[in-house]
Amino acid sequence: MHRLTPLLLGIAPLTLAACATQAQPSAGTGLCAPNGLERFVGKTRSETLAAEIKRQSGATTLRWVPEGTMVTMDFRGERVTVHLDRANRVERVVCG
């Protein structure tokens, strides 16, 4: 057995635990959580809808992505991204 194996085995559960907790924001952290965001699919873009999505997700920022728009692929835990169709209706909502 390699000398680093026990160390790596000890770190793996901590790494997995950190990944699992990122989807669940703590109160007041502003991190996005994907729970229940699918309920917005099909709704028309509006400021009221933006406020609802931010409240549901816990995100502090919202990014609208109209159909055909190119966006950066950087992940931001405090952001919720809303993809729209040609009619400005929500196609999908994702954290990041």
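## Exercises on a predicted model

N88 counts as partly exposed, at 33% relative accessibility. The model is predicted. Each exercise below is followed by a worked solution.

### Exercise 1. The residue N88

Task: place N88 in the chain, classify its exposure and describe its phi.

Solution.
- Step 1. Locate it: N88 sits in the loop between β2 and β3.
- Step 2. Apply the cut-offs: buried is under 20% and exposed is over 50%, with partly exposed in between. At 33%, N88 is therefore partly exposed.
- Step 3. Read the backbone: the phi of N88 is positive, about 65 degrees, although N88 is not a glycine.

### Exercise 2. The layout of the chain

Task: state how many helices and strands the protein chain has, and in what order the elements run.

Solution.
- Step 1. Count: the protein chain has 2 helices and 3 strands.
- Step 2. Order them: from the N terminus on, the run is α-α-β-β-β.
- Step 3. Check burial: 25% of the 96 residues of the protein chain count as buried.
- Step 4. Check contact range: take contacts between residues at least 6 apart in sequence; 36% of them join residues at least 24 apart.

### Exercise 3. The two sides of α2

Task: decide which residues of α2 are buried, and why they can be said to line one face.

Solution.
- Step 1. List the buried residues: helix α2 covers residues 47-57, and L49, A50, I53 and S57 are buried there.
- Step 2. Look down the axis of α2: the buried residues fall within an arc of 105 degrees, so they line one face of the helix.
- Step 3. Turn to the face directed away from the buried side: the exposed residues E47, T48 and R55 are carried there.
- Step 4. Find the cover: β1 (61-65), β2 (79-84) and β3 (90-95) are included in what covers the buried residues of α2.
- Step 5. Go past the end of the helix: G58 follows α2 and has a positive phi, near 85 degrees.

### Exercise 4. A serine among the buried residues

Task: is S57 buried or exposed, and what does its side chain reach?

Solution.
- Step 1. Place the residue: S57 belongs to helix α2.
- Step 2. Use the accessibility: S57 has a relative accessibility of 1%, so it counts as buried.
- Step 3. Follow the side chain: the side chain of S57 reaches the backbone oxygen of K54 at 3.3 Å.

### Exercise 5. The largest nonpolar core

Task: name the residues with the most contacts inside the largest nonpolar core, and the elements that each supply at least two of its residues.

Solution.
- Step 1. Take the core: the largest nonpolar core holds 13 residues, and I53, V80, V82 and V93 have the most contacts inside it.
- Step 2. Assign elements: α2, β2 and β3 each supply at least two residues of this core.
- Step 3. Examine V82: leaving out residues up to four places away in sequence, V82 touches I53, L62, R63, W64, V65, V90, R92 and V93.
- Step 4. Examine V80: this residue is in strand β2. Its relative accessibility is 0%, so V80 counts as buried.
- Step 5. Compare sequence and space: V80 and W64 are 16 residues apart in sequence, with their C-alpha atoms 8.8 Å apart.

### Exercise 6. The largest pocket

Task: how much space lies in the largest pocket, and which lining residues are closest to its centre?

Solution.
- Step 1. Give the volume: the largest pocket holds about 150 Å³ of space.
- Step 2. Read the lining: 13 residues line this pocket, and R63, T72, M73, V94 and G96 are the closest to its centre.
- Step 3. Name the elements: β2 and β3 are those that give two or more residues to the lining.

### Exercise 7. Two loop residues and G96

Task: relate D74 and A33 to G96 in sequence and in space.

Solution.
- Step 1. Place D74: this residue lies in the loop between β1 and β2. Its relative accessible area is 29%, so D74 is partly exposed.
- Step 2. Relate D74 to G96: they are 22 residues apart along the chain, and 7.5 Å separates their C-alpha atoms.
- Step 3. List contacts: beyond its neighbours within four places in sequence, D74 is in contact with R79 and G96.
- Step 4. Add the polar contact: the side chains of D74 and R76 make one at 2.7 Å.
- Step 5. Place A33: this residue is in the loop between α1 (5-22) and α2. With a relative accessible area of 6%, A33 is buried.
- Step 6. Relate A33 to G96: the two are 63 residues apart in sequence and 9.6 Å apart in space, C-alpha to C-alpha.

Technical notes. Residues are numbered from 1 along each chain as its sequence is written. This is a predicted model: local features need pLDDT of at least 70, side-chain atom pairs count only at pLDDT 80 or more; totals for chains, interfaces and linings use all residues. Side-chain values use heavy atoms; hydrogens and water are left out. Buried means under 20% relative accessible area, exposed over 50%, partly exposed in between (1.4 Å probe, protein chains only). Helices (H or I, at least four residues) and strands (E, at least two) are DSSP runs, numbered from the N terminus. The arc is that of the directions from the helix axis to the C-beta atoms. Contact means heavy atoms within 4.5 Å. A nonpolar core is a set of buried Ala, Val, Leu, Ile, Met, Phe, Trp, Tyr and Cys residues joined through side-chain atoms within 4.5 Å. A polar contact is a pair of N or O atoms within 3.5 Å; within protein, one must be able to donate a hydrogen and the other to accept it, and residues adjacent in sequence count only if both atoms are side-chain atoms. On a 1 Å grid over the protein atoms alone, a cavity is a set of points where a 1.4 Å probe fits but cannot get out, and a pocket is an open set with protein on both sides within 12 Å along at least five of seven lines; lining residues have an atom within 4 Å of a point. Grid points are joined across faces, edges and corners, and a volume is the space filled by probe spheres set on the points.
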